[in-house]
Amino acid sequence: MSFCDFHIDDTRIPMRAYDPEHPIAQFEDNHRVTLSSETLDGFDYPAAKALIRATQPAAANDDSHVDELHIYIMLADLRCAYD
């Protein structure tokens with residue numbers, strides 16, 4: 001278990017590498033684009049939300065997409081963020 005791993009009951013909460021010098025778009029995976037992001041106030045740690053559009057690979061010949069709402073809790077000292 002790394003220092004950034006986090007579990008609730010037996011469920012692992014996804015953790016991402018985080019560089020505080022880069023924008024929230026650093027969390028985009030393949031075939032994803034950040035539509036909007038904003039900082040959230042009122043948390044003990046820096047937090048942000050992002051609306052990310054997930055699309056199919058071009059080879060799929062499928063132009064459908066899914067918009068995903070992500071909430072990130074960012075631990076700059078540990079260089080990780082929970083999604």
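Student: In which sense do β4 and strand β5 (residues 47-55) pair, parallel or antiparallel, and over how many bridges?

Tutor: Strands are DSSP runs of E with at least two residues, just as helices are runs of H or I with at least four, and both are numbered from the N terminus; two strands pair if DSSP finds at least two bridges between them. Here β4 and β5 are antiparallel partners, joined over 8 bridges, and L40 has A47 in β5 as its bridge partner. Please keep in mind that this is a predicted model, in which local features need pLDDT of at least 70 and side-chain atom pairs count only at pLDDT 80 or more, whereas totals for chains, interfaces and linings use all residues. Residues are numbered from 1 along each chain as its sequence is written, and side-chain values use heavy atoms, with hydrogens and water left out.

Student: In what order do the strands of the sheet stand, and which are the edge strands?

Tutor: The open sheet contains 5 strands in the order β3-β7-β6-β5-β4, with antiparallel pairing. Its edges are β3 (15-17) and β4 (32-40), each of which pairs on one side only.

Student: Which residues make up the largest nonpolar core?

Tutor: Such a core is a set of buried Ala, Val, Leu, Ile, Met, Phe, Trp, Tyr and Cys residues joined through side-chain atoms within 4.5 Å, where buried means under 20% relative accessible area, exposed means over 50%, and partly exposed lies in between (1.4 Å probe, protein chains only). In this model the largest core has 9 residues, namely Y18, I24, F27, A48, A50, I52, Y72, M74 and A81. The elements giving two or more residues to this core are β5 and β6, and β5 gives the most, with 3 residues. If contact is taken as heavy atoms within 4.5 Å, then M74 touches residues that include Y18, I24, A48 and A81, leaving aside those up to four places away in sequence.

Student: Is A17 of strand β3 buried or exposed, and what does A17 touch?

Tutor: A17 counts as exposed because its relative accessibility is 64%. Not counting residues up to four places away in sequence, A17 touches Q26, F27, R79 and C80.

Student: How many salt bridges are there, and which parts of the chain do they link?

Tutor: A salt bridge places a side-chain nitrogen of Lys or Arg within 4 Å of a carboxyl oxygen of Asp or Glu, and by this rule there are 4. In one of them, R16 meets D29 with the closest N and O atoms 2.8 Å apart; R16 lies in strand β3 and D29 in the loop between β3 and β4, 13 residues away. In another, D19 and R79 have their closest N and O atoms 3.4 Å apart, and the pair links the loop between β3 and β4 with the loop between β6 and β7 (80-82), across 60 residues. D19 is buried at 19% relative accessible area, whereas R79 is partly exposed at 45%. A further bridge joins E68 to R32, again with a closest N to O distance of 3.4 Å, and links strand β6 with strand β4.

Student: Which residues should I check for an unusual phi?

Tutor: Most residues other than glycine have a negative phi. Here H31 has a positive phi near 60 degrees and is found in the loop between β3 and β4, while N61 has a positive phi of about 50 degrees and sits in the loop between β5 and β6 (65-75). H31 is partly exposed, at 41% relative accessibility, and N61 is exposed, at 76%.
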